Amino acid sequence: MPDATPAKTAGTRPRILHLITDPRRRGAQNLARDLHRELRRRGQASALRALAPHPDAHPDAPDTRATTVLGPGRLHPATLRALRAAARTADLVVAHGSATLPACALALAGTRTPFVYVSIGDPRHWTASPLRRLRTGVLLHRAAAVTALADEARAVLQDRFRLPAGKVRTIPNARAADRYPPADGPADRRAARHALGLPADGLLVAWIGAIAPEKRLDLALDALDRLPDVRLAVAGDGPLRTALEQHPAAARAHFLGILADPAPLYRAADALLLTSDSEGVPGVLIEAALAGLPAVATDVGWVRSVVQDGRTGALTAPGDPLALAEALAKVLAGDRAALGAAAREHALAHSELGVVADRWQALFTAVTGRERA
């Protein structure tokens, strides 16, 4: 099936247009791409478009090359016109990411094409000011439905923006298990390290994300400074990279830049570290869990829906490098294989794409009134 949304035909399953902010590999974009691929695998018409380009999008990454960009800027008039035109041949637009919310509210006004907004972050963090809360609430009321990644997030959305209970659905974040296979023994782990230019031996912890203030890579490096026998592999880029490369612990940190595919790093590592001040349900935690990797994470947003303290990894309070170091040391010294196996079992049951896609298709049917099969 070509990557286009065919003209509407009565009596068929709804044609879906997934909208992402830009072509980068980030949480909202990754969920959209995985869901788009799964729907097409099931024979459902699905297309994916990005509002605008981004300078940090890796030009050689397959996902970047395959993503059609609508216009020069997220809310540029030409972008909104292109979105409106694309939506004419769709039965439903699924808006992934905060910038897609105002774009859909503006571009689809007066049309018959509804949109569903996918909320992936913690609204208590990104709508802290009264003005932003009011503006976001107005936009959310324009959506035909809003999805939250956890029941707690759904409750926050309903209460904070006075959304009707039936308008907000819980649909977990998800990833395709076959894209994140666990390491097949020590030889596979060493091969993954070699491919990434990482040391073959010793304890290695992965950190994956934008090197931006809210992700708190500084805390990861502060924790690393307390663990002299551990190395850190940092996958990502951002405005704080240059400064943090001067951190005293950076001598044992490997800055890999943005990886087109993080799966080899999960196979190379002994644990994943997440140090954010704010999150929803991070996709990297699901990816690591599917790869059989235990995680140490700050207990923010709805992280605990993926990381079960003491069973699949460890949770700590945000902003505490000593607690992070102690938790990481305990996980690394413990039965990592058992923790990783439990993490994978939990992810397969709750966050595997095939399971979650069923819930998405049920929502599409409810919103459009079109048959699912």
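**Exercise 1. In this predicted model, determine which residues of helix α4 are buried and which elements they pack against.**

Solution. Begin with the residues themselves: Thr100, Leu101, Ala103, Cys104, Ala105 and Ala107 are the buried residues of α4, where buried means a relative accessible area under 20%. Next, set this list against the length of the helix, which spans residues 100–107: six of its eight residues are buried, and α4 is accordingly described as mostly covered. Finally, identify the surroundings: the buried residues of α4 pack against the strands β1 (16–20), β4 (92–96) and β5 (115–118), and also against the helices α3 (77–87) and α6 (130–142).

**Exercise 2. Describe the largest nonpolar core and follow the contacts of Tyr266.**

Solution. The largest nonpolar core has 72 residues, and those that touch the most other members are Leu83, Phe115, Leu265, Tyr266, Leu272 and Leu285. Helix α12 (residues 283–290) gives the most to this core, contributing six residues. A second, separate core comprises 29 residues, among them Leu217, Leu273, Ala314 and Ala325. For Tyr266, set aside the neighbours within four places in sequence; the contacts that remain are with Tyr180, Arg189, Ile208, Leu272, Val284, Glu287, Ala288, Ala291 and Leu293.

**Exercise 3. Work out the strand order of the six-stranded open sheet, and explain why β10 and β13 each have one side without a neighbour.**

Solution. The order of the strands is β10-β9-β8-β11-β12-β13, with parallel pairing. Because β10 (253–257) and β13 (313–316) stand at the edges and each has a single partner strand, one side of each is left without a neighbour in the sheet. On average, neighbouring strands of this sheet are turned by 20° against each other, direction ignored. Looking at one edge in detail, β9 (residues 230–235) pairs with β10 in the parallel sense over four bridges, and the partner of Ala235 in β10 is Gly257. To complete the picture, helix α13 (residues 321–333) lies across β8, β9, β11 (271–274), β12 (295–298) and β13, and runs at about 170° to β13.

**Exercise 4. Locate Arg162 and Arg216, state the sign of phi at each, and decide whether Arg162 is buried or exposed.**

Solution. Start from the general expectation that most residues other than glycine have a negative phi. Arg162, although not a glycine, has a positive phi of about 55°, and it is found in the loop between α7 (151–161) and β7 (168–170). Arg216 likewise has a positive phi of about 55°, and lies in the loop between β8 (203–208) and α9 (217–225). For the last step, Arg162 counts as exposed because its relative accessibility is 73%, the cut-off for exposed being over 50%.

Conventions: Residues numbered from 1 in each chain as written. Predicted model: local features only at pLDDT ≥ 70, side-chain atom pairs only at ≥ 80, totals over all residues. Heavy atoms only, no water. Buried < 20%, exposed > 50% of the residue type's maximum accessible area, 1.4 Å probe, protein only. Helix = DSSP H or I, 4+ residues; strand = E, 2+ residues; numbered from the N terminus. Contact = heavy atoms within 4.5 Å. Core = buried A, V, L, I, M, F, W, Y, C linked by side-chain atoms within 4.5 Å. Pairing = 2+ DSSP bridges. Axes fitted to C-alpha atoms, helices over the stretch in contact; angles between N-to-C directions.
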